[in-house]
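Here are a few friendly notes to read alongside the model. Please keep the viewer open as you go through the points.

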Protein chains: 2
Amino acid sequence: MRIGQVAAQAEVNVQTVRLYERLGLLKKPGRRASGYREYPDDAVTFIRFIRQAKSLGFTLNEIKSLIDMREKGSHTMADMRAVAKSRLQAIDDKIRQLQTMREAIHHGLTHCGCPEQFPACVFVRLFEKDESKSVS
Amino acid sequence: MRIGQVAAQAEVNVQTVRLYERLGLLKKPGRRASGYREYPDDAVTFIRFIRQAKSLGFTLNEIKSLIDMREKGSHTMADMRAVAKSRLQAIDDKIRQLQTMREAIHHGLTHCGCPEQFPACVFVRLFEKDESKSVS
DNA sequence: CTTGACTCTATACTTGGGTACAAGGTCGAT
DNA sequence: ATCGACCTTGTACCCAAGTATAGAGTCAAG
């Protein structure tokens with residue numbers, strides 16, 4: 001398969017395939033006499049794996065780690081588990097952070113004790129010094 | 001106050017202050033004869049507001065919108081409320097997305113039905129084609 | 001009047017993950 | 001043999017939100 005077909009079947013851009021190769025996510029394919037890359041069929045599966053992992057929030061670097069571990073073949077399971085766990089941890093942290101933000105904004109929009117004229121008071125009040133132009 | 005003092009008190013980098021000015025978040029301060037920027041005291045409060053809003057997940061563009069609305073003085077409340085609501089919506093969407101990722105990874109790490117040897121099977125199984133090198 | 005800390009502008013670099021050319025070479029169907 | 005569709009490399013650009021550096025000017029204390 002040539003790169004265009006691989007890209008089409010994996011539903012990514014041709015440039016993206018070459019990018020992944022440069023980043024070491026895809027191993028370098030064979031070349032025809034003309035210089036064209038020639039891919040085995042499973043290249044599509046491989047790229048799909050990358051996209052899948054990305055959709056789970058893994059960065060390309062993390063994905064490369066997973067792939068490299070697998071290539072090495074040894075200490076695979078504990079390490080892959082560790083990568084997955086640390087990603088899980090990062091996701092949990094991010095969720096907590098977003099929930100905190102959510103609360104603050106929600107509070108600002110609804111229960112902040114300001115009269116109805118101050119629906120966005122959480123933000124407005126931060127301009128304390130300049131009451132003359134205040135939204136009141 | 002000169003820029004260094006403002007930056008120190010607002011706990012940001014000097015470059016950041018200049019960046020915010022260029023982006024229209026801070027109005028241009030007066031200049032001394034030498035060309036040095038000369039800030040009023042409330043510049044610190046203003047920058048703190050920007051950092052605060054950023055910590056709530058607003059982008060600098062959104063913050064600029066809030067500031068611009070406020071400058072204009074009219075249609076302020078409904079618009080600020082709208083900005084806050086859309087940010088809230090974006091945060092909620094992001095939380096939901098992360099929770100979906102979390103579930104998928106958590107499932108892969110714990111209940112996927114694979115024996116203990118496949119703790120990261122969610123990822124490993126995506127390499128279906130290449131069983132010879134599999135972690136089994 | 002020199003020294004060191006500060007400031008000025010302009011430009012480039014960073015991270016992450018791509019996307020978009022440009023200028024050339026190749027494939028295959030007609 | 002020619003045409004369009006494909007491929008090659010290299011480079012540059014995009015987003016956000018800064019950070020870094022260079023080269024020059026300024027301020028204030030000793």
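1. How many helices and strands are there in chain A? In this predicted model, chain A has six helices and two strands. Following the sequence, the elements come in the order α-α-β-β-α-α-α-α.

2. A word on chain A as a whole. The chain has 136 residues, and 25% of them count as buried. If you take the contacts in chain A between residues at least 6 apart in sequence, 41% join residues at least 24 apart.

3. Next, have a look at helix H1 (residues 3–10) and helix H3 (residues 42–55) of chain A, whose axes come within 9 Å and cross at roughly 45°. That angle makes H1(A) oblique to H3(A), and the crossing is right-handed. On the H1(A) side the contacts involve Val6(A), Gln9(A) and Ala10(A), which meet Ala43(A), Val44(A), Ile47(A) and Arg48(A) in H3(A).

4. Now turn to chain B, where helix H1 (residues 3–10) packs against helix H3 (residues 42–55) at an angle of about 45°, with the axes 9 Å apart. H1(B) and H3(B) are therefore oblique to each other, and H1(B) passes H3(B) in a right-handed crossing. Here H3(B) contributes Ala43(B), Val44(B), Ile47(B) and Arg48(B), which are met by Val6(B), Gln9(B) and Ala10(B) from H1(B).

5. Helix H4 of chain B covers residues 60–72, 13 residues in total. From first C-alpha to last, H4(B) reaches 18 Å, close to the 18 Å expected at 1.5 Å a residue. Which residues of H4(B) are buried? They are Ile63(B), Leu66(B), Ile67(B) and Met69(B). These four cover an arc of only 160° around the axis, so they sit on the same side of H4(B). Turn the helix to the face pointing away from that buried side, and you will find the exposed residues Asn61(B), Asp68(B), Glu71(B) and Lys72(B).

6. Finally, a single residue to click on: Ala90(B), which belongs to helix H5 (residues 76–109) of chain B. Why does Ala90(B) count as partly exposed? Because 15 C-beta neighbours lie inside 10 Å of Ala90(B), while a buried residue would need 20 or more and an exposed one 12 or fewer. You may also like to display Phe58(B) with Ala90(B): the two are 32 residues apart in sequence, and their C-alpha atoms are 9.9 Å apart in space.

Definitions and conventions
Residues are numbered from 1 along each chain as its sequence is written. Chains are lettered from A and ligands numbered from 1 in the order in which they are written. This is a predicted model: local features need pLDDT of at least 70, side-chain atom pairs count only at pLDDT 80 or more; totals for chains, interfaces and linings use all residues. The expected span of a helix is 1.5 Å times one less than its number of residues. The arc is that of the directions from the helix axis to the C-beta atoms. Axes are lines fitted to C-alpha atoms, for helices over the stretch in contact, and angles run from 0 to 180 degrees between N-to-C directions. Angles under 35 degrees count as roughly parallel, over 145 as roughly antiparallel, 65 to 115 as roughly perpendicular and the rest as oblique. A crossing is left-handed if the near helix is turned anticlockwise from the far one by less than a right angle, and right-handed if clockwise. Two residues are in contact if their C-beta atoms, placed from the backbone, lie within 7 Å.
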